[in-house]
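The following paragraphs lead through one protein chain, from its overall make-up to individual residues. Please keep the sequence and the model in view while reading.

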Amino acid sequence: DEKHSVWFMFYILLAMSIAVVFGSNAAELWVDGTSEGLIEDGSETYPFHKIQSAIGSAIQDDKVHVKPGVYEENVVINKSLTLTGSGPDTTVIRGAGGVPLTINANLSARVKQFTITRGNGYGISLKQCSSTVTIVLENIVSASNSSHGFNQTSSCVGNVMATNCTFADNGGCGITANSKSVFYNCLFTNNGQYGTDSPNTYRNQAFYCNAYGNVSGGFSYSDVSFCTTVDPLYIDSATGDYRLSSDSPCRNTGSPGRDARNPDGSRNDMGAYGGPGAAGFYDGYGNSPVVTDLHVTPGSVGEGQTITITATGKAQ
C-alpha cells in the first residue's frame, strides 16, 4: 500500500546516504580482549586489547572490528568510524562505573552487533552532534543499565537511525530521542519508565516496533506506524538471552521490504537478532531446540545390547 511504498523508498534513500557517509577506503583495526600478545598494532595478528585503544588509533572512516568477549570499558567514540562487534550474543561492552558507550562528536558513526549493559547511568549516550551528523545503530542490545538504554540530549539534533535493536530492563526509558531519530524493527520491553520518550517536545518516529511491559507506558512523544504492544517472548531475559522464542509474535513481523529480510530470506524479526545485519551471528543459533535434559537407560549395557535415550528440548 501507499504507506509501505513511502517507507520502502525512505529506507532505500537513507541506506544510499549511509553508504556515501561511510567510505569504502577505510582501514581496518582489530580488538581482542583475550589476546595475550605484548604487541598491539591493531592488526588481526596483533590486535588491541581495549576498544578505546583502537578508537584512539583510528582515523576518520576507519572500521574497528571487536572479537567476542566482555569488555569492561566506558567507550567514547569521538571520530567518524564504524564499530562492529561479533554479535550481541558474544560481544559485550559492560560499563566500568560509567556509561558503556558515548558518541560524543560532530561526526558520523555506525555501531552494530553489541550488547551494551550495566551502565551507571545511560547505556548509550548521544550528545554534541549537529543536524548534519548520521548515527546508525544496528543489532544492538542495550539492557540492564541504571538509566535509559539510549539517550539523545535535546541539544543533539543529528540524524539517528536504529534498526533491529533491543532496549530492555533498563532503569529509565528504553530510549529518549528527539525528532531526528527513527527506529525500525526495535523492541522496547520491561523498562523502568517509558519504552520510548523524548528529551523535549519533538517526537521521534518508530516503525514496525514493539513496546511491552514498560512501567510508565509504551510509546511517549513518538509517532508510531505498524507498531505493536505484545509480549515478545524472549528465550530467557532473566539471563540476558533476548533471542525470540519460536512462537514469538515478533518473529516475521518487522519491516516487509526485501532489503530488510532475515538472512534466511524470511520477513524481518524484530529485535537485535533479526534483520539482514544479523547475518554475522544468526547461523550460530539457528532455530533448532536446545537440549535441556538428557536421560540414558539403562546406565550400562553389554556390547550389542540396546539403550534408550530421551531428551527434553527448549524452543529458541
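Of the 316 residues in this chain, 48% count as buried. The model is a predicted one, with an average pLDDT of 88 over the chain and a score of at least 70 for 84% of the residues. Confidence is not even along the sequence. In residues 5–10 the pLDDT falls below 50, and this stretch makes nine contacts in the model beyond near neighbours in sequence. The pLDDT is also below 50 over residues 281–288, a stretch with 19 contacts beyond near neighbours in sequence.

The secondary structure consists of three helices and 25 strands. Among the contacts between residues at least 6 apart in sequence, 51% link residues that are at least 24 apart. The chain has an accessible surface of about 13,900 Å², and carbon and sulfur atoms account for 50% of that surface.

We turn to the strands. One open sheet is built from seven strands in the order 4-7-9-11-14-17-20, with parallel pairing. At its edges are strand 4 (75–77) and strand 20 (217–219), each of which pairs on one side only. Within the order given, strand 14 (residues 175–176) and strand 17 (residues 194–197) are joined in the parallel sense by two bridges. Thr 176 is placed opposite Asp 197 of strand 17. The pairing of strands in a sheet, parallel or antiparallel, is made through backbone hydrogen bonds.

Strand 7 (residues 101–104) of this sheet contains Thr 102. Is Thr 102 buried or exposed? Thr 102 counts as buried because its relative accessibility is 11%, and the cut-off for a buried residue is under 20%. The C-alpha atoms of Thr 102 and Val 76 lie 4.7 Å apart, although 26 residues separate the two in sequence. Leaving out residues up to four places away, Thr 102 is in contact with Val 75, Val 76 and Ile 77, and also with Ser 125 and Lys 127. Val 75 and Ile 77 mark the ends of strand 4, which spans 75–77.

Strand 5 (residues 81–84) has buried residues pointing both ways: Leu 81 and Leu 83 point one way, Thr 82 and Thr 84 the other. What does strand 5 pair with? Strand 2 (residues 62–66) pairs with strand 5 in the parallel sense over four bridges, and Lys 63 stands opposite Thr 82. Strand 8 (residues 109–117) also runs parallel to strand 5 and is joined to it by four bridges. There, Lys 112 is the bridge partner of Thr 84.

Leu 83 leads on to the interior. The largest nonpolar core numbers 42 residues, and Leu 83 is one of those with the most contacts inside it, together with Ile 51, Ile 77, Val 111, Phe 114, Phe 150 and Phe 183. Strand 8 contributes the most to this core, with four residues. A second core, separate from this one, has eleven residues, including Ala 143, Leu 187, Leu 244 and Tyr 273. Back in the largest core, Ile 51 touches Leu 83 and Phe 114, and its other contacts beyond four places in sequence are Val 31, Val 66, Tyr 71, Glu 73, Val 75 and Ile 93.

Phe 167 belongs to strand 13 (residues 166–168). With a relative accessible area of 0%, Phe 167 is buried. Its C-alpha atom is separated by 6.0 Å from that of Val 141, which is 26 residues away along the chain. Among the residues that Phe 167 touches beyond four places in sequence are Phe 150, Ile 175, Phe 183, Leu 187 and Phe 188. Of these contacts, Phe 150 and Phe 183 are listed among the residues with the most contacts inside the largest core, whereas Leu 187 belongs to the second core.

The last residue to look at is polar and lies in a loop. Asp 269 is located between strand 23 (241–244) and helix 3 (279–282). Why does Asp 269 count as buried? Its relative accessibility is 5%, and the limit is under 20%. The side chain of Asp 269 reaches the backbone nitrogen of Asn 252 at a distance of 2.7 Å. Beyond four places in sequence, the contacts of Asp 269 include Cys 250, Arg 251 and Asn 252, as well as Asn 164, Asn 262, Gly 274 and Gly 275. Leu 244, also in contact with Asp 269, is a member of the second core.

Terms used. Residues numbered from 1 in each chain as written. Predicted model: local features only at pLDDT ≥ 70, side-chain atom pairs only at ≥ 80, totals over all residues. Heavy atoms only, no water. Buried < 20%, exposed > 50% of the residue type's maximum accessible area, 1.4 Å probe, protein only. Contact = heavy atoms within 4.5 Å. Pairing = 2+ DSSP bridges. pLDDT = per-residue confidence, 0-100. Areas by Shrake-Rupley, 256 points an atom, 1.4 Å probe, with all protein chains shown as cover. Core = buried A, V, L, I, M, F, W, Y, C linked by side-chain atoms within 4.5 Å. Polar contact = N/O pair within 3.5 Å; in protein donor to acceptor, adjacent residues only side chain to side chain.
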